[in-house]
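Let's take a walk through a protein together, one stop at a time. Keep the picture in view and find each residue as it comes up.

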Amino acid sequence: MKYDRAYFQPSVDYIKSRLGGFEPKLGLILGSGLGGLAAKIEDPIEVAYKDIPNFLLSTAPDHAGKFIFGTLAGKRMMCMSGRFHFYEGYAYEQLTAPVRVMKMMGVERLIITNAAGAVNESFRPGEVMIIKDHIKMTGASPMCGPNADDFGPRFFDMTRVYDKGMIAVAKECAKRAKIKVNEGVYFFFTGPQYETPAEVRAARILGGDAVGMSTVTEVLTASHCGIPVLGFSMLSNMAAGVLDQPLSSEEVIETAEKAGPQFAEYLMDVIRNL
Ligand code: HPA
């Protein structure tokens with residue numbers, strides 16, 4: 001299967017038929033705990049993933065499964081409430097769908113958020129990390145298989161996808177709001193199991209500051225088709241083995257939700273200033 005523009009044209013035609021001419025410019029993929037931000041989108045038009053031809057269905061708990069179009073902090077947004085992860089059982093290539101559809105809808109820049117475990121011991125749960133780069137050492141890529149030349153080249157650059165200009169804006173906004181925002185490297189694991197303490201130590205030795213199970217597939221797809229990304233990790237827990245206690249998804253969701261409102265407010269300010 002070639003996930004090229006022809007493949008996604010029915011998805012795009014359907015979405016456009018629902019939007020009455022609205023043209024989004026900024027993409028936003030919301031991770032755990034940020035549902036409140038989706039509620040702030042003005043004049044929202046919701047398009048459920050399940051209604052979109054040639055698209056994917058979300059299976060993760062706590063993920064709503066829809067695009068929300070509308071205005072947020074003065075920007076025309078295409079927001080994903082609910083996203084797709086490799087651990088849900090999709091092939092990597094299928095995971096190109098969201099960002100390729102965004103590209104075809106006219107999205108020029110993308111903000112991605114996630115919940116992640118803190119590997120860097122100077123970080124604390126509830127803090128935010130701006131993603132300056134990532135490490136993915138496991139298996140394949142969403143760009144495996146026949147190349148969709150109409151999105152990008154076979155071999156593509158990964159040095160500039162985490163956009164320095166957008167990172168500068170994000171840091172400036174944090175400084176002004178006097179919020180501690182960390183900067184670091186996101187280390188991707190496929191999940192769904194959390195990491196072992198030894199895997200977390202390995203991630204630290206290799207240069208990782210946070211571990212998580214999302215984001216990287218979307219970032220790779222964005223880089224392939226030339227969309228610059230600003231990525232944030234909400235640090236919902238210290239990664240496995242950092243503290244002498246087991247991880248629970250309840251803890252992860254609880255911390256992400258507790259820190260969510262302040263993160264959402266900060267993110268609104270970043271969006272306004274992009
Ligand atoms: N590991 C992987 N993914 C996560 C974590 C973690 O510790 N916390 C939130 N998502």
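Start at the ligand: β5, β8 (210–212) and β9 (229–238) each give at least two residues to the shell around the ligand. The biggest share of that shell, three residues, belongs to β5. Keep in mind as you look that this is a predicted model.

Who exactly is standing around the ligand? The shell is made up of A115, A116, G117, Y194, E195, V211, G212, M213, S236, N237, L247 and V252. Some of these put a polar atom close to a nitrogen of the ligand. For N237, a polar side-chain atom sits 2.7 Å from a ligand nitrogen. In the side chain of E195, an N or O atom is 2.8 Å from a nitrogen atom of the ligand. G117 takes part with its backbone instead: a polar backbone atom there is 3.4 Å from a ligand nitrogen. How much of the ligand does the protein bury? On its own the ligand would expose 260 Å², and the protein buries 95% of that.

Now let's go hunting for charged pairs. Side chains of opposite charge can pair when their charged atoms come close. What counts as close here is a side-chain nitrogen of Lys or Arg within 4 Å of a carboxyl oxygen of Asp or Glu. By this rule the model has eight salt bridges.

Take E218 and R83, which form a salt bridge with their closest N and O atoms 2.8 Å apart. This pair ties together distant parts of the chain, since E218 belongs to helix α6 (residues 216–224) while R83 is in the loop between β4 (75–81) and α3 (97–105), 135 residues apart. Are these two partners buried or exposed? Both E218 and R83 are buried.

Another pair joins E127 and K180, whose side chains meet in a salt bridge at 3.1 Å, N to O. This one also links distant parts of the chain: E127 is in the loop between β5 (109–118) and β6 (128–136), K180 is in the loop between α4 (164–177) and β7 (181–188), and 53 residues separate them. E127 counts as buried because its relative accessibility is 15%, under the 20% cut-off. K180, at 46% relative accessibility, counts as partly exposed. There is a small network to find too, where salt bridges that share partners join R176, D269 and R272.

For a pair of sequence neighbours, look at D51 and K50, which form a salt bridge with the closest N and O atoms 3.6 Å apart. K50 is exposed, with 64% relative accessible area, whereas D51 is partly exposed at 36%.

Then there is D4, in the segment before α1 (5–17). Why does D4, though buried, have no salt bridge? The nearest side chain of opposite charge is K2, and K2 is 5.2 Å away, so the pair misses the 4 Å limit. Leaving out residues up to four places away in sequence, D4 touches A148, D150 and F151.

Next, have a look at the backbone itself. Which residues does a cis peptide bond join? G191 and P192 are joined that way, with omega about 5°, and P192 is part of the loop between β7 and α5 (197–205).

Two other spots have a positive phi in a residue other than glycine. One is D43, with phi near 45°, and D43 lies in strand β2 (residues 42–48). D43 counts as exposed because its relative accessibility is 69%, over the 50% cut-off. The other is N54, with phi near 55°, found in the loop between β2 and β3 (66–72). At 33% relative accessibility, N54 counts as partly exposed.

Our last stop is P142, in the loop between β6 and α4. P142 counts as buried, because its relative accessibility is 3%. Setting aside neighbours within four places in sequence, P142 is in contact with Y92, E93, T96, T217, L220 and T221. You can also trace from P142 to F84: they are 58 residues apart in sequence and 12 Å apart in space, C-alpha to C-alpha.

Note on methods
Residues numbered from 1 in each chain as written. Predicted model: local features only at pLDDT ≥ 70, side-chain atom pairs only at ≥ 80, totals over all residues. Heavy atoms only, no water. Helix = DSSP H or I, 4+ residues; strand = E, 2+ residues; numbered from the N terminus. Buried < 20%, exposed > 50% of the residue type's maximum accessible area, 1.4 Å probe, protein only. Lys, Arg positive; Asp, Glu negative; His and termini not counted. Contact = heavy atoms within 4.5 Å. Near = heavy atom within 4 Å. Polar contact = N/O pair within 3.5 Å; in protein donor to acceptor, adjacent residues only side chain to side chain. Areas by Shrake-Rupley, 256 points an atom, 1.4 Å probe, with all protein chains shown as cover.
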